[in-house]
Amino acid sequence: MSTPSPTTPAPPRSPLHSILYDGVSLRYLNQRLLPTELRYQTVLDADGAAAAVAAMEVRGAPAIALLGCLAVALELKGGRGPRGDPEALVEFVEERMGRVRDARPTAVNVGRETERLKGEMRAWMDREPAVSEGELRDRAIAHLEALLQKDVEDNRRIGSHGARHIAQRLQGGSRATLLSHCNTGSLATAGYGTALGVVRALHSEGRVARLLCTETRPFLQGARLTALEMLHEGVPTTLIADSAAAAAIRERGVHAVVVGADRIAANGDTANKIGTYSLAVAALHHGVPFYVAAPSSSWDPNVPNGASIPIEERPERELTELQGVRVAPHGIDVWNPAFDVTPHELITGGIVTEFGVFRPEELRHASRRTPRPPTSASLHPVVPYASCSNVPASASSSPNRKCCHGARETESGGEETAESGGGGKGGGEGAEERRPGHRPQEAACDPTAEAEEDVGGRHSAPH
Ligand code: MRU
């Protein structure tokens, strides 16, 4: 057995926690240092949270929101903000949360939590005009502190809805080969994860043959973070270069692509880590279902479509340097968007939320009716896109192509008949049928040593 090098940590024995909060102190795991160093750092207030978010020491839309919310909870507990004036307290909370929201503008979660808390505070004031500022403060703190636990619960629901939906498409008890992008796991959330939550849930049922995880340029969130989480979890995982994704979909028998979201527009267009759009195009071309897994708080009814989502652009050096080592010539022009938008028609598997799996167009219809997040009551869980894998690549190039028919999945796991047309197979069939260039998954799952090689002279992926 080889002795690990001093810079190679053993995989951690307990799940990684992105955020530690005990009601008195707030700490975050500095994700820039992983996988070589496990260091928790203290945050005292919203400004500290905003700085950690801007540096991407904490990243992932839900984790960003939670750090911001808990930092504001600490400020409130510490007596910061106006005294004796409930309305001024609402404005204070909005201003402090805004610091974190503005640090990275694409993810909507901080903004959504701010609106929710403001709404709650104003509702308390309306219901009880005599409510004191101190009482309002205590309730706001309790509201913010509850989010940590809620996020884990939501993620577990997302995981189980997504896993059930994907499992329906597999023949018999066979296992799926999945492809995911960036890091959407415990590190990007309060725990369990969104897209990686779906992977975790499927893996716990023995239904994952292999996860293909993209390295994720420019910051290597996949190589450093997803690889670490999946090694810890024991999920068979193969790291690939981002540029290998289309080939992997064709060559490695991918059954589904599952990604997260930073913001979902009213019509279902989804902003997520740069490279997501090209994955969706490749998935459609090969008839592979494409899923977005995100809490309903990622849905932004105020933004009509993807063109209105602000896309963060990151510093040039994140492309011209690899882990601090200059690799591009000085003077080269750089465009470094952190996210891209996947049009809703490419989200062929569905949008997986804590309430169930929805078609993007169901979000759009819901947004016309009411500016609220989707609920199981207002939206029908998605019909599996059962036979996408049978559609020839040439026919798949129409973005408006629909291939959904089969059984509806409800939150309770029951089924009801879908009214959508198309006939053909039900949701449990079709996913494993072979296509040209689509090799049996088990034979094609050898981890690739090349993808794990050093970047900029340092080892970036966990061993
Ligand atoms: O730039 P990042 O690493 O913050 O990007 C993260 C993503 O794009 C995730 O997919 C998204 O935030 C969802 S995380 C559950």
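Colleague: Where is the place of Y192?

Modeller: This is a predicted model. Phi of Y192 is near 80°, a positive value in a residue other than glycine. As for its place, Y192 is in the loop between strand 4 (176-180) and helix 6 (195-204).

Colleague: In which loop is P218 found?

Modeller: Start with the bond before P218. The peptide bond from R217 to P218 is cis, with omega near 5°. P218 itself is in the loop between strand 5 (208-214) and helix 7 (221-233).

Colleague: And P35, in which loop is that found?

Modeller: The L34 to P35 peptide bond is cis, and its omega is near 5°. P35 belongs to the loop between strand 2 (26-29) and strand 3 (40-43).

Colleague: On which residue is the kink in helix 5 centred?

Modeller: Helix 5 covers residues 133-168, 36 residues in total. From first C-alpha to last, helix 5 reaches 52 Å, close to the 52 Å expected. There is still a kink of about 35° in helix 5, centred on L148.

Colleague: How much of the ligand's area does the protein bury?

Modeller: Take the polar contacts to ligand oxygen atoms. A side-chain N or O atom of R59 is 2.9 Å from one, and a polar side-chain atom of R104 is 2.8 Å from one. Alone, the ligand exposes 420 Å², and the protein buries 99%.

Colleague: Which elements give two or more residues to the shell around the ligand?

Modeller: The ligand takes up the space of the largest cavity. Around the ligand are 19 residues, and R59, R104, Q221, N272 and K273 come nearest. The elements giving two or more residues to the shell are helix 2 (61-77) and strand 9 (270-273).

Key: Residues are numbered from 1 along each chain as its sequence is written. This is a predicted model: local features need pLDDT of at least 70, side-chain atom pairs count only at pLDDT 80 or more; totals for chains, interfaces and linings use all residues. Side-chain values use heavy atoms; hydrogens and water are left out. Helices (H or I, at least four residues) and strands (E, at least two) are DSSP runs, numbered from the N terminus. The expected span of a helix is 1.5 Å times one less than its number of residues. The bend at a residue is the angle between axes fitted to the seven residues ending there and the seven starting there. A residue is near a molecule or strand if one of its heavy atoms lies within 4 Å of it. A polar contact is a pair of N or O atoms within 3.5 Å; within protein, one must be able to donate a hydrogen and the other to accept it, and residues adjacent in sequence count only if both atoms are side-chain atoms. Accessible areas come from the Shrake-Rupley method with a 1.4 Å probe; for residues, only the protein chains shown count as cover. On a 1 Å grid over the protein atoms alone, a cavity is a set of points where a 1.4 Å probe fits but cannot get out, and a pocket is an open set with protein on both sides within 12 Å along at least five of seven lines; lining residues have an atom within 4 Å of a point. A molecule sits in a cavity or pocket if more than half of its atoms lie within 2 Å of its grid points.
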